[in-house]
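Colleague: I'd like a close look at one part of this model, told slowly enough for a first-year student. Could you start with how the pieces sit against each other and then zoom in?

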Amino acid sequence: MAILTRSEAKRILDKVLKYSRADGASAQLTGAETGNIRYARNSVSTSGIVDNIELAVEARFGKKSGVATINEFSDAALEKVMRRAEELAKLSPENPEAMPLLGPQKYVDVNAFAKGTANITPEQRAKAAADSIMAAKKKKVVAAGYLEDDRSFAAVANTEGLFGYHVATSANFTVTMRTENGLGSGWAESDVTDFADMSTALTSGIAIDKAVQSQEARALEPGKYTVILEPNAVSGLLGYMMYSYNARSADEGRSFMSKKGGGNRLGEKMFDKRVHIYSDPADPNVPATPWSGEDNMALQRIDWVRDGVAANMPRSRYWAEKNEEEAIPTPGNLIMVGGDKSTEEMIKNTRRGILVTRTWYIRMVDPQSLLLTGLTRDGTFYIENGKIKYPVKNFRFNESPVIMLNNIEEMGQAKRVGMWGFSAMVPALKVRDFTFSSLSDAV
Amino acid sequence: MDRRKFLQLSGAGVGASMLPFAGNVIAESQLTTDGIDLSVKKELADAALNTATKLGATYADVRIGRYLNQYVLTRELQLQNVVNTESIGMGVRVIANGTWGFSATNDMTVDGIAKATRKAVATAKANSKHQSEPVQLAEQKGFGEVSWKTPIQKNAMQVPLAEKIDLLMEVNKSAMDAGASFINSSLYLVNEQKYFASTDGSYIDQDVHRLWAPMTVTAVDKKSGGFRTRNGLSQPVGRGFEYLDGRAEDKVQSQTVLYRDSYDMIEDAKLAAQQAQEKLNAKSVKPGKYDLVLDPSHLWLTIHESVGHPLELDRVLGYEANYAGTSFATLDKWRSGKFQYGSDKVNLFADKVQPGSLGAVGYDDEGVQTGQWDLVKDGILVNYQATRDQVHMLGQDKSHGCSYADDWSSVQFQRMPNVSLLPGKEELSLDEMIKDVEKGIYIIGAGSFSIDQQRYNFQFGGQLFYEIEDGKITGMVEDVAYQSNTQEFWNSCSQICDKRDYRLGGSFFDGKGQPSQVSTVSHGSSTARFDGVNVINTKRKIG
């Protein structure tokens with residue numbers, strides 16, 4: 001088992017830091033046990049468990065630093081890894097952007113560990129896959145899916161007295177159901193902290209319904225449409241936007257957040273006034289490590305966009321000091337506040353529009369306007385007079401999330417989704433004038 | 001994407017790079033130390049094979065790997081990070097009760113490998129209860145004790161770090177002096193020392209080297225609030241550090257300098273800075289149908305997405321349905337023998353042997369000697385990319401040699417070989433090709449790319465776009481992306497330059513599988529012409 005307790009982790013970190021002969025040192029101990037099961041064509045293809053624990057040590061001499069890693073923890077090994085980090089630090093050139101080590105941080109309490117995931121057995125994993133395959137066979141569709149579950153811990157410490165410890169569990173399940181004739185495809189995801197909250201049968205049922213209903217899609221002319229984007233369709237675009245949402249690149253003039261004439265667009269109303277996006281490591285729906293990966297700075301609840309106004313952007317300590325501004329660490333989760341309407345209710349309120357299950361293969365076309373291209377996939381439907389009328393062929397879109405968040409008609413309930421390696425709460429959105437630029441024959 | 005395998009090498013924002021990271025961070029000096037002794041590897045391998053056989057496995061292979069990586073990252077006139085990593089361990093794969101089982105360990109002892117082998121056999125036997133079709137493995141003769149090495153002249157791992165940093169600093173200075181606002185440049189160096197043994201009687205020792213030297217140059221016009229980037233035109237290669245010698249005979253003069261078997265990074269940085277500034281004021285393209293003239297530095301990515309991926313047999317069969325997707329190039333189309341993938345000018349071939357390519361190895365990761373085969377011949381779909389346990393589904397009895405694992409701890413599976421466009425048979429230069437184009441766009445360098453999950457509809461950008469009017473290049477245009485459908489696009493191919501223009505491009509980080517594995521692959525072509533392709537204008541205004 002790769003999960004060390006707080007005191008076990010602290011003992012190793014204290015010991016390795018005691019070996020330091022450098023000006024300063026920091027250490028990070030991480031461990032995870034990850035299980036997975038994969039299936040396709042209604043049959044399990046692979047499954048495995050990976051157990052790993054690793055200690056990374058950074059030694060500092062002025063603005064020089066070196067990092068070494070090791071996965072054994074005897075006294076000799078701990079001394080060796082510190083000496084190696086010191087050797088690397090001495091050899092490395094000075095980093096003009098190096099910042100001093102942080103002192104003790106006050107990390108918020110985060111409850112991210114669930115027994116249901118911690119105690120998962122290979123039998124449960126096999127049953128999770130079997131439930132999905134059984135559901136598929138019953139409806140004569142073909143299942144391909146993947147379940148991955150993690151139990152992990154992270155502990156950080158440095159010679160300035162900083163210490164933090166965090167344990168977490170998570171499980172992510174995705175499934176694609178395809179009709180045997182190849183004319184219908186559906187997809188669904190479940191992303192949870194506690195495996196007990198996951199039902200692969202229920203999630204598979206959603207994908208099966210979409211697969212069956214999406215058969216024999218009709219072609220609609222590409223153009224601007226009112227769309228209802230389900231949370232997994234929104235998240236692909238939103239993830240790109242938040243990845244580019246950074247004070248330094250904005251100040252440097254190479255971001256959609258750069259201001260004409262210099263500076264950035266903080267304080268400007270950039271989006272519809274209902275848009276509220278924030279991060280909070282202690283959020284019970286999407287708990288996250290309470291420190292930033294860059295330098296272990298404590299994360300707090302922070303608004304990125306409030307009432308449609310750009311309120312804050314992540315700003316590194318180096319960039320903050322240079323500009324005499326506040327450093328804002330990069331978050332580990334994202335929450336976009338939604339409304340209270342279900343997708344069904346949003347469909348009911350729509351005279352003409354298109355329901356999009358999911359967006360896929362999204363790439364940046366122009367970072368200046370944040371224009372993205374990508375495709376709809378696994379369930380795209382035409383809505384007329386409050387009802388789903390028929391499935392439609394998939395579209396390629398060329399759209400900017402900035403424009404999307406300005407054209408909001410209605411917001412649905414937020415749902416937890418996997419986004420760029422972390423978890424996020426994202427609502428369904430009804431958006432006008434969404435730009436579809438061509439048709440795809442893909443099912 | 002497996003988040004634990006990725007290390008954030010620099011701060012968030014534009015300069016951030018998430019890189020595949022396996023193994024321990026080591027000192028530079030360890031990159032050049034000797035690998036595991038050959039006799040030790042043979043002893044460990046035999047222990048695995050004997051254990052597997054004794055436990056009833058009908059087939060077993062073992063891969064003993066030492067994977068070395070060095071990454072050097074810079075921006076403007078400063079070094080951002082250097083990371084050296086080493087990953088050592090063994091992976092055992094067996095067939096028992098007609099089912100695959102796999103296990104890996106970094107315990108480099110006879111006991112360690114025997115224990116891993118027992119786990120692999122146990123997994124195979126457990127999984128065989130849910131197996132409906134037993135594995136059918138194509139015959140493969142054993143090669144005895146053989147070896148293969150990437151034919152490099154200068155081992156990049158032996159080049160001192162200081163020399164690499166000096167080079168990148170000179171590159172960055174060249175760009176900044178030429179008016180760039182920013183530059184990010186990097187070096188990625190890889191050495192895979194892999195040993196493969198199987199119950200077929202092969203003991204194969206390979207030493208594989210790869211290198212990539214990418215950069216992005218940015219020009220900012222603060223007054224207008226505009227900015228543009230131009231990426232370097234280097235290609236990732238299966239070569240040594242000599243790739244960065246930038247020999248005169250490897251340079252191709254066009255609207256910018258293009259590169260064949262070596263690369264002048266300092267020169268390209270200067271040109272990139274000039275062109276990024278030129279892009280700020282270039283004319284915005286008028287959307288419509290154009291004849292496209294696509295340089296190999298661009299066309300490789302279109303080949304990769306619209307030919308390489310759809311002809312992976314596991315995708316065609318549905319094994320990747322939940323991740324990468326399936327394929328429009330279904331078996332019935334192939335069986336018809338009449339599926340017109342492209343025009344009769346189009347010949348696409350797969351290989352694992354082209355010198356300097358990323359796919360080049362002597363043997364794949366299941367002991368198959370590599371070679372070359374046709375995928376599309378005179379426009380007709382004729383074959384796929386397959387491994388030993390797949391070729392029987394095509395009625396073939398010999399594996400194509402497409403098995404690859406990105407680490408000793410990952411299980412090998414079907415990965416894309418090099419997929420390339422054969423040069424035109426008739427003599428044709430770029431100038432001669434452009435001379436006949438009435439309304440066209442000449443595209444250099446790979447840009448934005450997106451394609452649907454069955455590989456029909458795609459959209460590609462680029463780095464440099466030049467308008468062609470009545471047989472002449474009239475100037476730079478911007479905001480260009482072209483959209484097409486794979487079959488329509490390849491059927492619109494009307495001309496391909498001859499072999500004098502043939503160059504390789506490639507991808508250094510191609511992802512596939514769950515959990516995801518990274519692979520590298522090259523794609524060669526000469527400049528080719530595609531008629532009447534839909535070009536869109538990508539300029540948008542926000543708030």
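Modeller: Let's start in chain B of this predicted model. Taken over C-alpha atoms, the centres of domain 1 and domain 2 of chain B are 26 Å apart. Where do the two domains touch, and how many residues take part? Domain 1 of chain B puts 33 residues into the contact, and domain 2 of chain B puts in 27. On the domain 1 side, five strands of chain B give at least two residues each: β4 (59–75), β5 (78–96), β6 (99–105), β8 (182–198) and β9 (202–212). The largest share comes from β9(B), with six residues. Sort that side of domain 1 of chain B by class and you get 17 nonpolar, 10 polar and six charged residues. As for the bounds, the domain assignment runs domain 1 of chain B from 3 to 215 and domain 2 from 283 to 537.

Let's pick one residue out of that strand list. B:Leu187 sits in strand β8 of chain B. Is B:Leu187 buried or exposed? Count the other C-beta atoms within 10 Å of its own: there are 26. A residue counts as buried from 20 upwards, so B:Leu187 is buried. Skip the neighbours within four places in sequence, and the contacts of B:Leu187 are B:Val72, B:Lys164, B:Leu168 and B:Ala213. Now for a gap in the other direction: B:Lys223 is 36 residues away from B:Leu187 along the chain, and their C-alpha atoms are 33 Å apart.

There's also a label to go with this stretch. An unreviewed UniProt entry places "domain: Metalloprotease TldD/E central" at residues 158–235 of chain B. In the model, that span is 53% strand and 22% helix, and its end C-alpha atoms are 21 Å apart.

Now hop over to chain A, which is split into domain 1 (6–211) and domain 2 (217–443). Their C-alpha centres are 25 Å apart, and the contact uses 29 residues of domain 1 and 24 of domain 2 of chain A. Which elements on the domain 1 side give two or more residues? In chain A they are β4, β5 and β6. By class, this side of domain 1 of chain A has 12 nonpolar, 11 polar and six charged residues.

So how do those strands fit together? Six strands of chain A make an open sheet, in the order β3-β2-β1-β4-β5-β6, with antiparallel pairing. The edges of that sheet are β3 (64–70) and β6 of chain A, each with a single partner strand, so one side of each has no neighbour in the sheet. From one strand to the next, the twist averages 15°. As a bit of background, strands of a sheet pair through backbone hydrogen bonds, either parallel or antiparallel.

Here's the close-up: β5(A). On one flank, strand β4 (residues 141–158) of chain A pairs with β5(A) in the antiparallel sense over 17 bridges. One place to see this is A:Gly145, which stands opposite A:Val175 in β5(A). These two strands make a hairpin with four residues between them, and A:Gly161 in the turn has a positive phi of about 95°.

On the other flank, β5(A) runs antiparallel to strand β6 (residues 185–192) of chain A, with eight bridges joining them. Facing pairs include A:Arg178 with A:Ser185, and A:Met177 with A:Gly186. This is a hairpin as well, with five residues between β5(A) and β6(A); in its turn, A:Gly182 has a positive phi of about 75°.

Why is β5(A) described as largely enclosed by the rest of the structure? Because 15 of the 17 residues of β5(A) (residues 163–179) are buried. There's a helix to look for too: α4 (residues 122–138) of chain A lies across β1 (24–40), β2 (43–61), β4 and β5 of chain A, running at about 150° to β4(A).

Last, zoom out to both chains. 72 residues of chain A are in contact with 53 residues of chain B. On the chain A side, strand β13 (residues 359–366) gives the most, with six residues. By class, that side of chain A has 29 polar, 27 nonpolar and 16 charged residues.

Note on methods: Residues are numbered from 1 along each chain as its sequence is written. Chains are lettered from A and ligands numbered from 1 in the order in which they are written. This is a predicted model: local features need pLDDT of at least 70, side-chain atom pairs count only at pLDDT 80 or more; totals for chains, interfaces and linings use all residues. UniProt positions are given in the numbering used here, feature names are shortened, and annotations may be inferred rather than shown by experiment. A residue is buried if 20 or more other C-beta atoms lie within 10 Å of its own, exposed if 12 or fewer, and partly exposed in between; C-beta atoms are placed from the backbone. Two strands pair if DSSP finds at least two bridges between them. Domain bounds come from an automatic or database domain assignment. Two residues are in contact if their C-beta atoms, placed from the backbone, lie within 7 Å. Ala, Val, Leu, Ile, Met, Phe, Trp, Tyr, Cys and Pro count as nonpolar, Asp, Glu, Lys and Arg as charged, and the others, Gly among them, as polar. Axes are lines fitted to C-alpha atoms, for helices over the stretch in contact, and angles run from 0 to 180 degrees between N-to-C directions.
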